[in-house]
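Let's take a walk through this fold, strand by strand and then helix by helix. Keep the model open beside you as you read.

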Amino acid sequence: MIICPTEKTVIATAPKTGSTSLHAMAHRHAPDERSRPFIVRVDTPHGQHDCGLPECVKDDRDAWQVIVTIRNPFTRIVSLWRHQQATEFASTFRMFVDRVAEKIAPEIYSRTLVDWYSECGVDGVIRFESFEADVVALQLFRCDVAHENASRAVRDPHDDVTREKTGLWARDDFNLIYGT
């Protein structure tokens, strides 16, 4: 989460939605901690991925703009799987999708975007698929370095079963966020 009190803006970031690139961009924008007009909040159970609004925002929610990062659930679940491979939670992609869909995966993997953002309210969106354009349009930071992962070609490990399970798991993401 990035909090900018001077601009009354909060950026909530779910895992595997471009949050690391966004944090790096924010630090490049103001590398000296004393000159930063924002606070990077990492002192939460999920580190930078906390979408619970701070009390100062909750107390005056109408005065604050809340922006969230999102990503297509089909590519997001592939990225989550690649991220978890170091933990050996699930040895195959299909096993990972099964555990996520059944909500027996650790919470950081099994929460959908709607789950992450349900309590914060959304005023603006940064889409992983159009990261730079959205950051520029929202006038958040100078976007001088490309989002390195957005254009990387990724082999799609989905089959019919994992596509169906992912679609069911992220049904609300598709319906409420992507409008499909």
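Start with strand β2, where five of the five residues are buried, so the rest of the structure largely encloses this strand. Bear in mind that you're looking at a predicted model. If you check β2 side by side, you'll find cover on both faces: Thr9, Ile11 and Thr13 are buried on one side, and Val10 and Ala12 are buried on the other.

What does β2 pair with? One partner is strand β1 (residues 2–4), which joins β2 in the antiparallel sense over three bridges. To see that pairing in the model, pick out Ile3, whose bridge partner in β2 is Val10. That's the same Val10 that is buried on one of the two faces of β2. The hairpin made by β1 and β2 has four residues between the strands, and Lys8 in this hairpin takes a positive phi near 55 degrees.

Now look at the other pairing of β2 (residues 9–13), this time with β4: the two run parallel and are joined by five bridges. Thr9 is a handy place to find this pairing, as Thr9 stands opposite Gln65 in β4. Strand β4 covers residues 65–70 and is itself mostly covered, with five of its six residues buried.

From β4 you can step across to strand β5 (residues 124–127). Four bridges join β4 to β5, and these strands run parallel. For a landmark here, go to Thr69, whose bridge partner in β5 is Ile126.

Next, the helices. How do α3 and α4 pack? Helix α3 takes in residues 73–84 and helix α4 residues 93–101; their axes are 10 Å apart and meet at an angle of about 110 degrees. Angles of 65 to 115 degrees count as roughly perpendicular, and α3 and α4 are therefore roughly perpendicular to each other.

Zoom in on the contact itself. On the α3 side you'll see Ile77, Val78, Leu80, Trp81 and Gln84, and these meet Phe93, Phe96, Val97 and Val100 in α4. By residue type, this contact between α3 and α4 has eight nonpolar members, one polar and no charged.

Which rings pair up? The model has three aromatic pairs. One of them is Phe74 with Phe174: the ring centres are 5.2 Å apart and the planes sit at 40 degrees, so this pair counts as tilted. Phe74 is in helix α3 while Phe174 is in helix α9 (residues 171–178), so the pair ties together parts that are 100 residues apart in sequence. As for cover, Phe74 is partly exposed at a relative accessible area of 22%, whereas Phe174 counts as buried at 12%.

Another aromatic pair is Trp81 with Phe93, and this one is edge-to-face, at 5.1 Å centre to centre with 65 degrees between the planes. You've met both residues already in the contact of α3 with α4. Trp81 lies in α3 and Phe93 in α4, so here the pair ties together parts that are 12 residues apart in sequence. Both of these residues are buried: Trp81 has a relative accessible area of 11%, and Phe93 has one of 6%.

Conventions: Residues numbered from 1 in each chain as written. Predicted model: local features only at pLDDT ≥ 70, side-chain atom pairs only at ≥ 80, totals over all residues. Heavy atoms only, no water. Buried < 20%, exposed > 50% of the residue type's maximum accessible area, 1.4 Å probe, protein only. Pairing = 2+ DSSP bridges. Axes fitted to C-alpha atoms, helices over the stretch in contact; angles between N-to-C directions. Parallel < 35°, antiparallel > 145°, perpendicular 65-115°, else oblique. Contact = heavy atoms within 4.5 Å. Nonpolar A, V, L, I, M, F, W, Y, C, P; charged D, E, K, R; others polar. Phe/Tyr/Trp six-rings, centres within 6.5 Å; stacked < 30°, edge-to-face > 60°.
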